[in-house]
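Here is a short walk through one protein chain and its bound ligand. Keep the sequence and the 3D view open as you read.

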Amino acid sequence: VEESYIMIKPDGVQRGLVGEIISRFEKKGFKLKGLKLFQCPKELAQEHYKDLQSKPFFPKLIDYITSGPVVCMAWEGVGVVASARKLIGATNPLNAEPGTIRGDLAVQTGRNVVHGSDSPDNGKREIALWFKEGELCEWTPVLEPWLKE
Ligand code: GTP
Ligand code: MG
């Protein structure tokens, strides 16, 4: 099954947007498998964003992600990775369409409130990185027959 790692960044938590952001994924119809509030250590932030380590903004990005608690989530569903990226919107919130999370709720790339995995492989990699065994739930939502024919 396809999974995406979605994370509300420290600005989203500080600005009181946790419920708003979670509810967009809930309403869409994906299945929540893991959820926690977490103060991220520097080493984990560096590992998560290791593909960006040569970028000039990398130190600022690590400071940002570790500046306060984040909300870590694992979401499951067919097509969840690409769909979550659409719900989240463009990296620069000024380019993000209205109706997307970043388009509605943010103004700067360096404060873009939420992360979403960019491929199914990275979804698996990131969920394994951020969650321990026993922190994920396998369950059957009772509404499933009303979401999937
Ligand atoms: P994530 O879902 O967080 O991975 O964002 P993304 O996939 O839309 O963008 P990308 O993976 O390229 O960059 C990761 C994060 O680094 C972005 O979400 C921003 O928070 C930050 N970032 C990317 N580019 C810049 C930049 O030019 N300046 C600053 N300050 N931050 C940047
Ligand atoms: Mg990315």
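In which loop is the place of proline 41? Proline 41 sits in the loop between strand E2 (31-38) and helix H3 (42-48). Is this proline buried or exposed? Proline 41 is exposed, because just 10 other C-beta atoms lie within 10 Å, and a count of 12 or fewer is what makes a residue exposed. From the C-alpha atom of proline 41 to that of lysine 124 there are 20 Å, with the two positions 83 residues apart along the chain.

**How far to trust the model**

Please bear in mind that this is a predicted model. The protein chain has an average pLDDT of 97, and 100% of the residues reach at least 70. For the model, ipTM is 0.97 and pTM is 0.97.

**The annotated domain**

An unreviewed UniProt entry gives residues 1-138 the feature "domain: Nucleoside diphosphate kinase-like". Across residues 1-138, 41% of the chain is helix and 17% is strand. The C-alpha atoms at the ends of that stretch are 12 Å apart.

**Strand E1 and its partners**

Strand E1 covers residues 3-8. How many of the residues of E1 are buried? The count is 6 of 6, and E1 is mostly covered. Both of its faces are covered: Glu3, Tyr5 and Met7 are buried on one side, while Ser4, Ile6 and Ile8 are buried on the other.

E1 also pairs with other strands. It is joined to strand E3 (residues 70-76) by 6 bridges, and the two run antiparallel. Within E3, methionine 73 stands opposite isoleucine 6. E1 pairs with E4 too, again in the antiparallel sense, this time over 3 bridges. There, methionine 7 has histidine 115 of E4 as its bridge partner.

**The annotated sites**

Which residue does UniProt mark as "active site"? The unreviewed entry places this feature at His115, and histidine 115 is found in strand E4. Leaving out neighbours within four places in sequence, histidine 115 is in contact with Ile6, Met7 and Lys9.

The unreviewed UniProt entry also lists "binding site" positions: Lys9, Phe57, Arg85, Thr91, Arg102 and Asn112. Take two of these in turn. Lysine 9 lies in the loop between strand E1 (3-8) and helix H1 (10-14). Beyond residues up to four places away in sequence, lysine 9 touches Ile65, Val70, Val113, Val114 and His115. Asparagine 112 lies in the loop between helix H6 (101-105) and strand E4 (114-116). With the same kind of sequence neighbours left out, asparagine 112 touches Thr91, Pro93, Arg102 and Ala106.

Valine 113, one of the contacts of lysine 9, is also in the loop between H6 and E4. Its backbone is worth a look in your viewer: valine 113 has a positive phi of about 60 degrees although it is not a glycine.

Why do these four residues count as buried? A residue is buried if 20 or more other C-beta atoms lie within 10 Å of its own, and here are the counts.

| Residue | C-beta neighbours inside 10 Å | Status |
|---|---|---|
| Lysine 9 | 24 neighbours | buried |
| Asparagine 112 | 23 neighbours | buried |
| Valine 113 | 25 neighbours | buried |
| Histidine 115 | 22 neighbours | buried |

**Around ligand 1**

Which residues surround ligand 1? They are Leu52, Phe57, Lys60, Leu61, Thr91, Thr109, Gly110, Asn112, His115, Gly116 and Asp118. Helix H4 (58-65) and E4 are the elements that give two or more residues to this shell. By type, the shell has 3 nonpolar, 6 polar and 2 charged residues. Phe57, Thr91 and Asn112 belong to the shell and also appear in the "binding site" feature of the UniProt entry. His115, the "active site" position in the record, is part of the shell as well.

**An exposed loop further along**

Threonine 140 has its place in the loop between helix H7 (120-130) and helix H8 (144-147). It counts as exposed because it has 7 C-beta neighbours inside 10 Å. Threonine 140 and alanine 128 are 12 residues apart in sequence, and their C-alpha atoms are 21 Å apart in space.

Notes: Residues numbered from 1 in each chain as written. Chains lettered and ligands numbered in written order. Predicted model: local features only at pLDDT ≥ 70, side-chain atom pairs only at ≥ 80, totals over all residues. pLDDT = per-residue confidence, 0-100. UniProt positions renumbered as here; feature names shortened; annotations may be inferred. Helix = DSSP H or I, 4+ residues; strand = E, 2+ residues; numbered from the N terminus. Contact = placed C-beta atoms within 7 Å. Near = placed C-beta within 6 Å. Nonpolar A, V, L, I, M, F, W, Y, C, P; charged D, E, K, R; others polar. Pairing = 2+ DSSP bridges.
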